[in-house]
Amino acid sequence: MSQGPKGLYKLGGAAFIVSGLLFLLRAILDLMAGPPPSAGGEILAWVAANRFVVSLDSEILFFAAMCLVPAVIALYHSLADVDKLKAAIGCGILAVVIPTLVMVLIVHGRLVYPVYGIRATTPDLAAFVVAVFYGGMHAVYLLLIPATIVLSLAMKGGTYGKPIAYLGFVTAAFDLIGAYPDAIGPELALVTQVFLAGWFVVVGSKLALRPRGA
């Protein structure tokens, strides 16, 4: 690869690391709050009891999504000369995660943040918001699976190396498990987030420390 823009790699790498840590922090807070109940009235009580944690969910995931913007751009630039097709597919899918996550966060925010004084204060509306949010997060993790696999395949042939690629394959498997938090429970969901955060941090570190002309 020709001499690359070090500033882009440093920014993208740092953004990857921050995004991974924010996803992990959100999982820790979810463990503290516990899973949401199924009934609308119980959801309202759950939100009231965990209002601070629920409000942080939206803020943390929003910044995690925004950090992915420079991260995806830098990652594509670092992989394009190695395998342009896989880089485009993997980064393209990863880019789809960003607006998907932002949209479900807009819905999730109605649990705690009023707009023109409107907030999800009825049992049916609270149940709808929770269903859309966790359904949207399910889609996010399903998108992460092919993105991580394709990008890991591209990384095997470049400067990232096989260990990071194999970690990506394991992370994709845990992303599949993490896509079903209602079935696995918050403890195992936290474990899946450790792998996601770990892969983001490792990839981000490699990207940020990428040598000139690598």
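**Pocket lining**

I looked up which helices line the largest pocket, and found that helix 1 (6-33), helix 5 (123-156) and helix 7 (181-208) each supply at least two residues. The model I am reading is a predicted one. Helix 7 gives the most, with eight residues of the lining. I then took the lining as a whole: 28 residues line the largest pocket. Nearest the centre of the pocket I noted Pro35, Pro36, Tyr134, Pro181 and Asp182. By class, I have 17 nonpolar residues in the lining, eight polar and three charged. For the volume of the largest pocket I wrote down about 580 Å³.

**Helix 3**

What span does helix 3 cover from its first C-alpha to its last? I read 42 Å for the 29 residues of helix 3 (residues 51-79), close to the 42 Å expected at 1.5 Å a residue. Next I checked helix 3 for a bend and found one of about 25° at Val69. A proline, Pro70, follows Val69 within four residues.

I also looked up Ser78, which sits in helix 3. Ser78 has a relative accessible area of 1%, so I logged this serine as buried. I took one distance from Ser78: its C-alpha is 7.8 Å from that of Tyr9, and the two residues are 69 apart along the chain.

**Cysteines**

How many disulfides are there? My count is zero. Cys67 is in no disulfide, and the nearest cysteine sulfur to it, that of Cys91, is 16 Å away. I looked from Cys91 too: the closest cysteine sulfur is in Cys67, and because 16 Å separates the two sulfurs, they are too far apart for a bond. The cut-off I applied for a disulfide is a pair of cysteine sulfur atoms within 2.5 Å.

Are Cys67 and Cys91 buried or exposed? Cys67 has 17% relative accessibility and therefore counts as buried; the cut-off for buried is under 20%. Cys91 is buried as well, with a relative accessible area of 4%.

**Tyr116**

I looked for a positive phi in a residue other than glycine and noted Tyr116, where phi is near 55°. Where does Tyr116 lie? I placed Tyr116 in the loop between helix 4 (84-108) and helix 5. With a relative accessible area of 83%, Tyr116 is exposed.

**Ala49**

I found Ala49 in helix 2 (residues 40-49). Is Ala49 buried or exposed? At 63% relative accessibility I entered Ala49 as exposed. I then took the distance to Ala33, which is 16 residues away along the chain, and the C-alpha atoms are separated by 8.5 Å.

**Ala87**

Ala87 lies in helix 4. The relative accessibility of Ala87 is 0%, so I entered this alanine as buried. How far is the C-alpha of Ala87 from that of Val47? I read 40 Å, for two residues that are 40 residues apart along the chain.

**Phe200**

I went back to helix 7 for Phe200, which is found there. Phe200 is buried, at a relative accessible area of 1%. From Phe200 I took the C-alpha distance to Leu143, 57 residues apart from it along the chain, and got 15 Å.

Key
Residues numbered from 1 in each chain as written. Predicted model: local features only at pLDDT ≥ 70, side-chain atom pairs only at ≥ 80, totals over all residues. Heavy atoms only, no water. 1 Å grid on protein atoms, 1.4 Å probe; cavity = no way out; pocket = protein on both sides within 12 Å on 5 of 7 lines; lining within 4 Å. Points joined across faces, edges and corners; volume = space filled by probe spheres on them. Nonpolar A, V, L, I, M, F, W, Y, C, P; charged D, E, K, R; others polar. Expected span 1.5 Å × (residues − 1). Bend = angle between axes of the 7 residues up to and from the residue. Buried < 20%, exposed > 50% of the residue type's maximum accessible area, 1.4 Å probe, protein only.
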